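Reader: I should like a close look at one part of this structure, namely a pair of packed helices. Please describe how they are arranged, and then add what is relevant from elsewhere in the chain.

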Amino acid sequence: MPMPHLPTFHHVSPALLVASLAMIPSHSLAQNQQVERIDLLTHPIPMAYEGQMVVSVRITSEQQLTQALDLAVSSWTERPGLGKVDLQINADQFDELVKLGVNPIVEIADLQTHNQNRWEALVQREQLDIINQSGAFKPQGQIQRGASTHDENWFTNYKQLADIYAYMDTQLAAHPDMVSKMDFGDTYESRDMFAYTITAPDEVGNLSVDRPIIIWNGGQHAREWVSPMTVTYIASKLINDSFTDPEVAQLLSEIRFVIIPVLNPDGYLYSWSSERYWRKNRRDNAGSSFDGVDLNRNWDIAFGGDGTSTDPSSDVYHGTAAFSEPETAALSTLALSFGDDLVAHIDYHTYSQLILWPLGYELGLVTPEPDRSFFQSLSGDMSDLIQSQSGAFYDPIQSWELYAAAGTCSDWFYDGAGVPSFTIELRPEAGAGFGGFDPPASVILPTAQENWEAAKLFAHRTTQEILLSHEPIEIVNANTPTPVMLTSTPSLSDVDPSMVSLYTRIGETGSFTQSSMTDSGSSQFSGLLPGAPCGQMIEYYFSAVSLSGVTVEFPAGGASSALSVLSQEITIAFEDDMESSTGWIVGQPSDSATTGVWERADPQSTAAQPENDHTPGSGTLCWITDGASGGSLGANDIDGGATTLTSPLLDASGLPDGAELIYWRWYSNDTGASPNEDSMLVQISTNDGGSWSTLETVTENAGVWVEKRFPAPDSDQIRVRFIASDLGSGSIVEAGVDDLRIEAVGCSGNSADINGDGSLNFLDVSQFLSLFGVQDPIADFNNDGQWNFLDVSAFLAAFAAG
């Protein structure tokens with residue numbers, strides 16, 4: 001077996017590019033053929049798993065692994081190795097596994113019954129979709145061009161192949177200037193294979209055909225239904241959010257995203273119609289009674305090596321030759337046809353919550369530098385981002401550390417196409433047993449949402465010299481310079497710390513003033529926004545130069561896309577970040593909760609509880625319903641009734657109009673045997689607890705800290721209480737509270753009080769005239785971009801009004 005070379009990101013030769021272009025089908029822009037859709041209401045329940053079960057085993061040697069896999073019908077662990085492995089077996093092989101000493105534990109005792117239950121759930125949802133028409137989309141002729149077509153509800157249940165294509169075709173119909181569709185090949189059973197390209201319309205000097213390309217594909221393995229749903233979600237969000245999110249708009253103006261929701265259409269359709277846990281494509285292996293080739297062992301990288309099989313009955317059968325399968329051949333041809341424009345790739349799978357980077361075809365492989373460090377940094381940052389968003393941990397490792405596997409897609413994209421490539425194993429986590437390839441539909445949306453965030457980071461880091469980030473500020477204290485921070489993340493290069501600048505101006509016209517930012521360490525740079533009179537806007541943006549000499553602006557577009565912040569007088573009557581004791585009270589006489597009682601603690605992450613408090617920076621503590629994770633999900637959640645948390649006495653009397661009570665809360669009640677049966681009551685009293693009124697009844701399962709704002713009553717006898725309860729049987733309830741404050745924001749003084757001392761006198765006149773003489777933005781009193789008698793008149797009028 002030839003040893004592939006180990007590349008630092010390289011690109012294909014012109015001759016290979018020409019050959020690849022010639023192999024793209026001539027009908028690449030053709031309309032799609034009719035895609036079969038199974039009528040779940042009349043289709044017979046597939047009966048493929050009678051007499052089968054799923055067990056987990058503990059593997060301690062390579063010999064045990066080989067013997068266990070020989071006994072199994074299929075491995076439910078993507079890359080089985082030492083440790084816990086989930087196996088689908090014929091029930092009569094259970095005793096043989098016991099004899100091997102692998103300690104089999106039954107996860108699904110009757111796989112056929114389990115499959116029937118899952119089928120019935122799909123049928124019930126299909127019936128609801130028909131009644132509610134929630135799964136249907138308008139014919140393309142009825143789609144309003146430019147309309148938002150993203151539908152979060154669509155991602156609350158698994159979708160058939162025809163539904164996925166219909167959803168994407170809806171995006172195409174609504175946004176033909178952003179979305180295009182290509183038939184890039186045919187499957188073994190002659191079905192069309194579709195790729196959707198998503199990018200911003202052409203701009204002067206920025207044609208879409210000149211932009212780099214990132215490929216994201218799902219559904220290489222038929223049974224991994226969470227994968228196509230996640231890839232489709234990412235595609236949908238790219239389109240939808242580009243109209244409201246400057247970050248996404250920037251990505252689309254700089255990158256062409258080629259999205260392949262289902263790389264294995266034949267197998268995916270078969271997993272719906274006949275065998276739910278089918279993995280391979282539908283190749284008829286001549287001379288064998290077993291069909292299918294594992295597409296993710298068929299790529300031309302160490303073909304036939306570790307983690308593959310020559311046996312057609314094996315789930316990892318690699319086929320007769322590299323790229324023997326039309327599906328892998330088509331995608332590899334498409335990738336090579338892009339030439340130097342192709343810059344990165346992700347292959348989405350389930351399950352185990354992993355971010356795998358190449359190379360992985362042999363144990364102990366050392367990926368060359370600087371690629372190795374780049375992969376480690378990017379995969380680790382993607383893992384951290386996902387965990388910060390949802391609490392789910394995706395382990396970032398080189399793929400062979402899980403188990404060596406030759407002929408994989410990600411290895412080929414790195415070695416054959418010369419670009420960074422990851423394999424992402426989605427939810428659920430490793431050892432999920434019966435939930436592995438067939439988790440409940442409730443897993444889809446959180447999986448897609450957390451990977452949407454990671455996908456954006458991947459796109460930034462694989463296309464940009466340096467990645468700049470900044471947490472925008474909404475308001476600043478009037479007449480007070482305000483610190484701002486800029487963070488630089490190395491991508492294709494690193495930042496030159498002497499070439500980082502902040503540009504500011506007061507008002508919406510005039511030139512920006514440049515100032516150098518200070519290197520604060522840890523890739524952070526600090527600067528100051530100028531003080532401005534109350535009611536004025538401050539606009540600002542950043543620029544940085546990479547070590548390779550490329551200038552990057554944040555936001556993209558620099559001055560034309562500058563951030564803005566409003567200068568206001570900020571009065572804080574009370575503020576508590578929960579880092580110290582301030583007099584909160586736990587409990588009231590009617591409380592009956594036996595576990596999950598409120599405490600001030602550093603929370604430990606569970607599927608229902610956050611890993612961290614909300615307070616930015618060094619904060620660690622919050623009020624939480626028992627911060628310990630315990631031995632299981634339900635060990636320390638609220639049980640047995642209610643638990644109450646009451647604030648200390650708060651004073652909001654005499655504050656300006658518009659004062660607000662603000663707090664951040666966490667709430668989870670969508671796990672356990674009886675989800676969504678409970679709520680958290682938030683109440684306020686203006687007479688020191690003598691009577692209470694309700695601010696909100698919380699049922700939202702956001703999975704993140706949520707900020708809430710309410711008008712603050714004019715009272716010095718305010719208390720707020722949070723009553724979290726578990727009144728249902730089998731519910732998992734967790735709640736948290738952090739960063740409560742009472743705040744008033746506005747402009748109470750006169751705009752002619754130039755020096756902000758609260759008095760109108762000759763000092764204000766003198767300062768105004770001085771600023772007017774140098775055309776300072778503060779002296780542009782009517783904000784028209786000019787300094788003339790109109791500004792003097794406006795200033796005098798405000799001064800006279802007192």
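Author: In this predicted model, helix 5, which spans residues 161–174, packs with helix 6, residues 226–241, at an angle of about 10°, and their axes lie 11 Å apart. Angles under 35 degrees count as roughly parallel, and helix 5 and helix 6 are therefore roughly parallel to each other. Helix 5 contributes I164, Y167, M168 and Q171 to the contact, while helix 6 contributes P228, T232, A235, S236 and I239. By character, the residues of this contact comprise six nonpolar and three polar ones, with no charged residue.

Charged side chains do appear in the surroundings of R191, a residue of the loop between strand 5 (179–186) and strand 6 (192–198). R191 has a relative accessible area of 12%, so it is buried. Its side chain makes a polar contact with the side chain of E36 at 2.7 Å, and the R191 side chain also makes one with the side chain of E189 at 2.6 Å.

A further element is an open sheet of five strands, with antiparallel pairing and the order 23-26-31-28-29. Strand 23 (585–586) and strand 29 (693–698) form its edges, each pairing on one side only. Strand 23 runs antiparallel to strand 26 (residues 642–646), and two bridges join them. In strand 26, T646 is the bridge partner of I585.

Notes. Residues numbered from 1 in each chain as written. Predicted model: local features only at pLDDT ≥ 70, side-chain atom pairs only at ≥ 80, totals over all residues. Heavy atoms only, no water. Pairing = 2+ DSSP bridges. Helix = DSSP H or I, 4+ residues; strand = E, 2+ residues; numbered from the N terminus. Axes fitted to C-alpha atoms, helices over the stretch in contact; angles between N-to-C directions. Parallel < 35°, antiparallel > 145°, perpendicular 65-115°, else oblique. Contact = heavy atoms within 4.5 Å. Nonpolar A, V, L, I, M, F, W, Y, C, P; charged D, E, K, R; others polar. Buried < 20%, exposed > 50% of the residue type's maximum accessible area, 1.4 Å probe, protein only. Polar contact = N/O pair within 3.5 Å; in protein donor to acceptor, adjacent residues only side chain to side chain.
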